[in-house]
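Biologist: I'm new to this one. Could you pick a single part and walk me through how it sits among its neighbours?

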Amino acid sequence: MISNPVSLKAYNTFGIDASCDRLIEINSEEELSEILPIPHKEVRVLGGGSNILLTGDLERKVLHNQIKGIKVLKENDSYVLVEVGGGHDWHQFVMWAVSHGYGGIENLSLIPGTVGAAPIQNIGAYGVEQSEFFVSLTMYDLTTGKDHILLEEDCRFGYRDSIFKGPLKGKCFITSVRYKLTKKHELRMDYGAIKKKLVEKMIAYPTIRDVSEMVIEIRKSKLPDPRELGNSGSFFKNPIVTTSKFNRLIAEFPEMPHYSIDDETVKIPAGWLIDQLGWKGKRIGDVGTYEKQALVLVNHGKATGGELWDFAKMIIQEVEDHYGIVLIPEVNVW
Ligand SMILES: Cc1cc2nc3c(=O)[nH]c(=O)nc-3n(C[C@H](O)[C@H](O)[C@H](O)COP(=O)(O)OP(=O)(O)OC[C@H]3O[C@@H](n4cnc5c(N)ncnc54)[C@H](O)[C@@H]3O)c2cc1C
């Protein structure tokens with residue numbers, strides 16, 4: 001345990017220098033049980049800190065999830081059921097699956113953070129979401145100290161959404177997650193530039209490893225490395241609007257990119273909306289948007305969380321004024 005008060009600068013990928021009252025490393029369910037119950041308003045749960053924005057010092061304890069390990073629970077010719085510690089690094093888990101030839105999550109290579117945080121916003125990339133391979137998780141209610149198992153249907157997964165961003169927000173600690181990975185896998189290569197890359201490299205019969213490597217290569221070329229430039233990936237969710245609202249928008253902005261979700265809703269890339277308003281690469285002091293992607297807010301060095309949040313609010317306001325769309329942060333603002 002590190003106490004009184006401790007800087008969280010090294011614990012968040014924005015590199016914001018804010019502190020908490022106490023940082024408590026949790027290495028096992030037993031260690032967690034010893035310190036619970038705690039009223040949830042006195043505590044925050046932290047994984048890799050790659051999806052939080054610290055807007056000031058936290059007058060709370062922070063529980064840092066360090067519960068690691070991968071266990072195979074069940075296996076047959078078609079699939080393998082694995083249990084992964086909530087504090088295990090997500091990308092290391094993907095690399096473990098790739099090295100064993102287990103399919104499903106290869107498109108989610110190189111997403112920073114921990115396995116326990118993956119269900120929180122139902123991480124997704126390149127046409128795949130973790131919910132497709134999710135089976136169940138174990139979580140502890142912070143206030144009662146009791147453990148519960150939640151199945152896929154309990155978690156209410158949606159686009160960058162789950163029950164953990166709704167009624168259970170800030171109220172639980174996820175200690176382990178179970179995934180069902182495939183042995184007879186159908187690769188998903190239609191999204192983004194994966195197929196194009198495979199053609200360029202003349203890979204005619206791609207493997208799970210090939211797809212993972214293409215995703216890693218594409219991601220490295222598009223996103224800033226938090227070790228070099230503080231960021232939290234996409235700052236905003238892509239807005240989803242009704243078809244009737246979209247029809248009005250497209251009449252006014254015929255070049256607006258979009259993806260139909262179903263008959264009633266359409267998704268619009270937030271990055272495009274922000275870029276159109278001239279925000280790509282913009283900088284105010286040490287806060288800015290990434291030069292290659294307006295959706296990624298960056299800390300050029302000494303930005304505070306408050307400055308980043310003010311900058312984000314300016315973007316939200318301008319997008320609303322121009323398009324009538326209210327952007328919602330994907331990042332958890334603390
Ligand atoms: C460069 C970059 C690229 C990214 N790309 C993607 C992407 O392609 N797709 C995507 O979906 N996301 C992406 N992200 C966002 C981020 O990687 C994910 O949201 C990730 O799941 C966050 O994990 P974490 O452990 O860092 O969570 P943290 O930032 O530590 O926490 C995030 C939230 O989850 C809660 N939480 C964390 N662990 C637990 C737990 N064990 N129990 C209960 N609550 C918990 C926290 O309290 C907090 O509210 C990216 C981020 C960066 C920096």
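Modeller: Let's take a close look at helix 4, then move on to a strand and the core. Keep in mind that this is a predicted model.

Helix 4 covers residues 208-222, so to speak a run of 15 residues. From its first C-alpha to its last it reaches 21 Å, close to the 21 Å expected at 1.5 Å a residue. Which of its residues are buried? They are Ile208, Val211, Ser212, Met214 and Val215. These five cover an arc of only 160° around the axis, which puts them on the same side of helix 4. The spacing makes sense, because an α-helix has 3.6 residues a turn and residues three or four places apart point the same way. And what do the buried residues of helix 4 pack against? Their partners are helix 2 (90-100) and helix 3 (194-200). Turn to the face pointing away from that buried side, and you meet Lys220 and Ser221, both exposed.

Now for the strand. In strand 3 (residues 43-46), Val43 and Val45 point one way, while Arg44 and Leu46 point the other way. All four are buried. Strand 3 pairs with strand 5 (residues 58-65) in the parallel sense, over four bridges; there, Val45 has Leu63 as its bridge partner.

That pair leads us to the core. Leaving aside residues up to four places away in sequence, Phe173 touches both Val45 and Leu63, along with Leu32, Met139, Tyr140 and Leu142. Phe173 is also one of the residues, with Leu181, Ile274 and Leu308, that touch the most other members of the largest nonpolar core, which has 86 residues.

Technical notes: Residues are numbered from 1 along each chain as its sequence is written. This is a predicted model: local features need pLDDT of at least 70, side-chain atom pairs count only at pLDDT 80 or more; totals for chains, interfaces and linings use all residues. Helices (H or I, at least four residues) and strands (E, at least two) are DSSP runs, numbered from the N terminus. The expected span of a helix is 1.5 Å times one less than its number of residues. A residue is buried if 20 or more other C-beta atoms lie within 10 Å of its own, exposed if 12 or fewer, and partly exposed in between; C-beta atoms are placed from the backbone. The arc is that of the directions from the helix axis to the C-beta atoms. Two residues are in contact if their C-beta atoms, placed from the backbone, lie within 7 Å. Two strands pair if DSSP finds at least two bridges between them. A nonpolar core is a set of buried Ala, Val, Leu, Ile, Met, Phe, Trp, Tyr and Cys residues joined through C-beta atoms within 7 Å.
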